[in-house]
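Here are some notes to read alongside the model. Keep the structure open while you go through the points, and click on each residue as it comes up.

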Amino acid sequence: MKVAFGWTIHGDGKSPLPGQAVRPGERLTWGRTVGLGAQHVVAMFGATFVAPVLMGLDPNLAVMMSGVATIFFLLVTGGRIPSYLGSSLSFVGVAAVIKAQGGDSATLTGALLVVGAVLAACGAVVQGFGARVVHAVLPPVVTGAVVMLIGFNLAPVAAGTYWPQDQWTALLTLCFTALALVVLRGFWSRIAIFLGLVFGYVVSWLFDRIFGRIHSATGAGTVTDHWRLDLSGVGSADWIGLPTLHAPSFSLSAVLVALPVVVALIAENAGHVKAVAEMTGDPLDDRMGTAIMADGAATVMSTAVGGPATTTYAENIGVMAATRVYSTAAYWCAAGFAILFGLCPKFGAVVAAIPGGVLGGITVVLYGMIGLLGAQIWIHNRVDLTNPLHLVPVAAGVIVGIGNVTLKFSDDFELSGIALGTLITLIGYHALRWLAPAHLKGPAVDH
């Protein structure tokens with residue numbers, strides 16, 4: 001039976017047939033499909049609204065634009081790649097650096113817009129030359145190092161900005177989130193970050209009732225007496241309304257800080273496309289470039305109105321693996337829910353009220369996990385770090401990135417942290433590979 005957008009009913013429409021999965025062009029009954037869409041929203045929710053909060057952007061707009069971006073992605077990829085596009089956490093460190101340089105939200109979104117355009121152009125190159133170009137230019141040894149330094153570069157933000165606001169709430173939130181990630185199973189483990197936020201929210205409310213105001217730094221850095229959880233903005237917020245929009249502005253120094261994240265986004269998108277291909281049994285290498293282009297273009301759309309950059313979400317890929325339902329119809333439903341949430345300012349006020357101590361506990365885990373994804377890339381691809389061709393550029397780039405080393409060219413131009421670390425790793429690897437003796441350039445170097 002043909003349905004809207006070409007979906008056909010899978011079996012009896014109630015559950016996947018024994019030994020089979022619901023393919024992208026199929027669906028279950030609409031009631032079950034809507035329920036699966038809601039499950040996808042919960043899975044992406046934590047990271048999608050945490051990212052803009054950490055970057056100083058509007059969480060309502062981020063959630064709404066994640067829905068718009070997902071619909072755009074599904075249309076561009078012709079419904080072959082079921083994926084949700086949520087807020088990218090890879091730019092949290094970039095936002096901190098741009099803010100430290102005196103930039104504002106418009107400067108940040110302008111830099112992310114340029115990154116989105118570059119990512120779309122890279123996708124066009126990949127589509128034209130094939131997926132092999134990704135592995136040639138960005139071998140696992142390089143992508144692993146870049147992802148690692150992006151995550152670990154954030155350590156000072158967690159330790160210096162969020163944790164000091166309420167150390168005990170941060171510690172309790174950290175412990176609960178760690179337990180949730182390890183002890184919980186299935187769907188609940190995939191929303192452990194979200195559960196940690198809810199737990200910290202409740203703990204902050206209880207501590208305010210039990211201990212009264214806390215004397216510590218606020219989000220603005222001022223040390224004063226204040227409530228851990230300030231809900232004053234929730235009551236005055238409307239139930240229905242448009243999120244706050246703003247136009248981007250462009251700064252060369254901000255763009256240079258953000259551009260290295262393109263490396264991580266290409267690796268992330270390629271990995272997710274391969275994961276979906278393995279699960280659905282549908283070879284998707286011929287669509288990898290299209291997927292990268294779609295993500296880049298979606299980032300341009302989001303940042304053009306003041307939202308964060310987007311990326312495909314592993315959380316939602318996990319939901320598909322658990323349910324064996326890969327129907328793009330569920331993602332259309334999820335996108336619809338996200339757009340509706342984004343049009344509720346009261347929801348945004350609740351998100352904006354998340355206490356700094358709660359973010360302290362969450363970010364300690366989250367930033368560390370982002371960094372260790374780089375090590376996971378090395379392990380998965382069997383990168384040999386005893387080979388000096390791997391070890392030297394990676395060691396230099398990671399330390400430069402994590403230590404926020406600065407290379408100053410003039411009063412108006414400098415490279416530091418993530419940008420400089422990425423360039424040292426990428427250029428250093430390819431330059432050394434060109435000069436290295438043959439016995440160091442074996443298959444293990446690139447695979």
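1. **The main core.** Start with the inside. This is a predicted model, and its largest nonpolar core has 96 residues. If you want a way in, look up Phe49, Phe91, Val94 and Tyr367, which have the most contacts inside that core. Among the contributors, helix H13 gives the most to this core, with 10 residues.

2. **Tyr367 and its company.** Tyr367 is one of the residues with the most contacts inside the core, so it's worth a click. What does Tyr367 touch, not counting residues up to four places away in sequence? The list runs to Leu54, Val92, Gly151, Phe152, Leu154, Val157, Ala158 and Tyr162.

3. **A second core.** Don't stop at the main one. There is also a separate core of 5 residues, and its members include Val22, Leu28, Val325 and Ala330.

4. **Ala329.** Right beside Ala330 in the numbering you'll find Ala329, which sits in helix H16, spanning residues 328-342. Is Ala329 buried or exposed? Ala329 has a relative accessible area of 1%, so it counts as buried. Once you leave out residues up to four places away in sequence, Ala329 touches Trp7, Arg27, Trp30 and Thr33. Have a look at the pair with Trp30: the two residues are 299 residues apart along the chain, yet their C-alpha atoms are separated by 8.8 Å.

5. **Helix H2.** Now a helix from end to end. H2 covers residues 59-76, which makes 18 residues. From its first C-alpha to its last, H2 reaches 25 Å, close to the 26 Å expected at 1.5 Å a residue. H2 is also mostly covered, with 13 of its 18 residues buried. While you are looking along it, keep this in mind: an α-helix has 3.6 residues a turn, so residues three or four places apart point the same way.

6. **The two ends of H2.** Both ends deserve a glance. At the N-terminal end, Asp58 acts as a cap, with a side-chain oxygen 2.9 Å from the backbone nitrogen of Asn60. After the helix comes Gly78, whose phi is positive, near 65°.

7. **Salt bridges, and one pair in particular.** How many salt bridges does the structure hold? There are 3. As background, side chains of opposite charge can pair when their charged atoms come close. Take Asp286 and Arg80, whose side chains meet in a salt bridge at 3.3 Å, N to O. Asp286 lies in the loop between H13 and H14, and Arg80 in the loop between H2 and strand E3, so this pair ties together parts that are 206 residues apart in sequence. Asp286 is partly exposed at 44% relative accessibility, and Arg80 is partly exposed too, at 26%.

8. **The Arg228 network.** Next, follow Arg228. Its side chain meets that of Asp166 in a salt bridge at 3.1 Å, N to O. That pair links distant parts of the chain, 62 residues apart: Asp166 is in the loop between H7 and H8, Arg228 in the loop between E5 and H11. Arg228 also makes a salt bridge with Asp208, again at 3.1 Å, N to O. Asp208 is in helix H10, 20 residues from Arg228. Salt bridges with shared partners therefore join Asp166, Asp208 and Arg228 into one network. Arg228 is buried at 12% relative accessibility, and Asp208 is buried as well.

9. **A closer look at Asp166.** Asp166 is buried, at 7% relative accessibility. Besides its salt bridge, the side chain of Asp166 makes a polar contact with the side chain of Thr169, at 2.5 Å. Leaving aside neighbours within four places in sequence, Asp166 is in contact with Ile214, Arg228 and Gly357.

10. **The cysteines.** How many disulfides does a search of the whole structure find? The search finds 0. Why does Cys344 have no bond to Cys333? The closest cysteine sulfur to that of Cys344 is in Cys333, 20 Å away, which is too far for a bond. Cys344 is buried, with a relative accessible area of 14%, whereas Cys175 is partly exposed, at 39%.

How values were computed: Residues numbered from 1 in each chain as written. Predicted model: local features only at pLDDT ≥ 70, side-chain atom pairs only at ≥ 80, totals over all residues. Heavy atoms only, no water. Disulfide = S-S within 2.5 Å. Buried < 20%, exposed > 50% of the residue type's maximum accessible area, 1.4 Å probe, protein only. Helix = DSSP H or I, 4+ residues; strand = E, 2+ residues; numbered from the N terminus. Contact = heavy atoms within 4.5 Å. Expected span 1.5 Å × (residues − 1). Polar contact = N/O pair within 3.5 Å; in protein donor to acceptor, adjacent residues only side chain to side chain. Salt bridge = Lys/Arg side-chain N within 4 Å of Asp/Glu carboxyl O. Core = buried A, V, L, I, M, F, W, Y, C linked by side-chain atoms within 4.5 Å.
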